[in-house]
Amino acid sequence: MNLTKLVQTYILNQTIGSPIFISDIMHYIEQFADDQKMSQQIRKNVNVILMRMVKDGNYLKRFGTGVYYRDDTEQGEEAGIDSIELIRRTYIEDKRGNVFGYLTGAAFLHKLGLIEKSPHKIIIATNAKRNGNIETTDMEFKLVNPSTTVTRENYRYLQMLDLIKNDLINGDNLQYSFVLTHFMNKYQLKEAKLVALAVDFYSQKVVLKVAEFISNKVYLEEQKDEIIITLDTTKQKELYEND
């Protein structure tokens, strides 16, 4: 295989500003390797090719250790790296779909639509915290340890449990419970698994809160149509009061 050609092809297929990780390049090269096991020498050769491309100064920039990005030099000024994607790919989910972190706190509430204003600081619970922090001037974020190892199978459960644990919502409890119920149903989350994770990795206080939420969830599902009308009426009342 022509290693230089493979590296160049991969990079040119990436969008401008999108972070390019050496691990992703190596995964791409594996498809064309004669031996299923990639040698350490190939990785060293890839590093040399990337450094040469950066030195040539055509379209590749180095952001930090193991991280590069394409830049649009034809526009006359640097576009820079996409900070949001960089943070997501470093601490939440890689390009192959492996999940190792999740949004938590006010950022997750904002994503659910429970608070209107986007938080100044984004909080991420991640397994990758000790792999070295990245620095970006575009966004303020904080890394915290999750209650257990984050996986694709459990991260949505952990997002819910963090909210229940921290009592982050101060507004309408009915709307809060309704939104979390909708979240569980949308992603087909199981009540038994939510309880099991709470028992294994959270305090007894959280377990009791989860039990209370599930009890309310049954009621919310039974009274769904009436609750939607109630919430809509409340929103309309707030709108008129603000006029």
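1. **Handedness of α1 on α3.** In this predicted model, helix α1 passes α3 in a right-handed crossing. The axes of α1 (residues 3–12) and α3 (residues 40–56) come within 10 Å. They cross at roughly 60°. The two helices are therefore oblique to each other; for angles, the roughly perpendicular class starts at 65 degrees. On the α1 side, L3, T4, V7, Q8 and I11 make the contacts. Their partners in α3 are I42, N45, V46, I49, L50 and M53.

2. **The second core.** Some of those residues turn up again here. A separate core of 18 residues includes I11, M26, I49 and M53. I11 belongs to the α1 face that meets α3. I49 and M53 belong to the α3 face that meets α1. M26 lies in helix α2 (residues 22–30) and is buried.

3. **What covers α2?** Which residues of α2 are buried? They are I22, D24, I25, M26, Y28 and I29. Note that D24 is in that list. The cover over these buried residues includes helices α1, α3 and α4 (83–91). Strands β1 (19–21) and β3 (67–70) are also part of the cover.

4. **The largest core.** The largest nonpolar core has 29 residues. Those touching the most other members are L112, M160, L161, L180, L194, V210 and F213. Five helices each supply at least two residues: α5 (106–112), α6 (155–166), α7 (173–186), α8 (191–201) and α9 (204–222). Which helix gives the most? It is α6, with seven residues. In general, nonpolar side chains in soluble globular proteins tend to be buried together.

5. **α6 against α7.** The pair packs at an angle of about 170°, with the axes 11 Å apart. The cut-off for roughly antiparallel is over 145 degrees, and α6 and α7 are therefore roughly antiparallel to each other. Their crossing is left-handed. From α6, the contacts come from R156, Q159, M160, L163 and I164. From α7, they come from Y176, L180, F183 and M184. M160 and L180 are both on the list of residues touching the most other core members.

6. **α6 against α8.** Here the axes come within 10 Å and cross at roughly 65°. The crossing is right-handed. In α6, the contact residues are Y157, M160 and L161. In α8, they are K193, L194, L197 and A198. M160 thus serves in the α7 contact and in the α8 contact.

7. **V210 as a contact point.** Set aside the neighbours within four places in sequence. V210 is then in contact with L161, I164, L194, V195 and A198. Among these, L161, L194 and A198 also take part in the contact between α6 and α8. I164 also appears in the contact between α6 and α7.

8. **A211, next along α9.** A211 sits in helix α9. Is it buried or exposed? Neither: A211 is partly exposed, with a relative accessible area of 43%. L194 is 17 residues away from A211 in sequence. Their C-alpha atoms are 9.6 Å apart. L194 itself is listed in the largest core.

9. **A128, a buried loop alanine.** A128 lies in the loop between β5 (121–126) and β6 (140–144). Its relative accessibility is 5%, so A128 counts as buried; the cut-off is under 20%. Not counting residues up to four places away in sequence, A128 touches T90, Y91 and F100. I92 is 36 residues away along the chain, yet the C-alpha atoms of A128 and I92 are separated by 8.3 Å.

10. **Q188, a backbone check.** Q188 is not a glycine, but its phi is positive, at about 55°. Q188 is in the loop between α7 and α8. It is exposed, with a relative accessible area of 62%. This is a residue to look at in the viewer.

11. **Overall figures.** The protein has 10 helices and six strands. Of its 243 residues, 40% count as buried. Its accessible surface comes to about 14,900 Å². Carbon and sulfur atoms hold 47% of that surface. Take the contacts between residues at least 6 apart in sequence: 58% of them join residues at least 24 apart.

Note on methods: Residues numbered from 1 in each chain as written. Predicted model: local features only at pLDDT ≥ 70, side-chain atom pairs only at ≥ 80, totals over all residues. Heavy atoms only, no water. Core = buried A, V, L, I, M, F, W, Y, C linked by side-chain atoms within 4.5 Å. Buried < 20%, exposed > 50% of the residue type's maximum accessible area, 1.4 Å probe, protein only. Helix = DSSP H or I, 4+ residues; strand = E, 2+ residues; numbered from the N terminus. Contact = heavy atoms within 4.5 Å. Areas by Shrake-Rupley, 256 points an atom, 1.4 Å probe, with all protein chains shown as cover. Axes fitted to C-alpha atoms, helices over the stretch in contact; angles between N-to-C directions. Parallel < 35°, antiparallel > 145°, perpendicular 65-115°, else oblique. Left-handed = near helix turned anticlockwise from the far one by under 90°.
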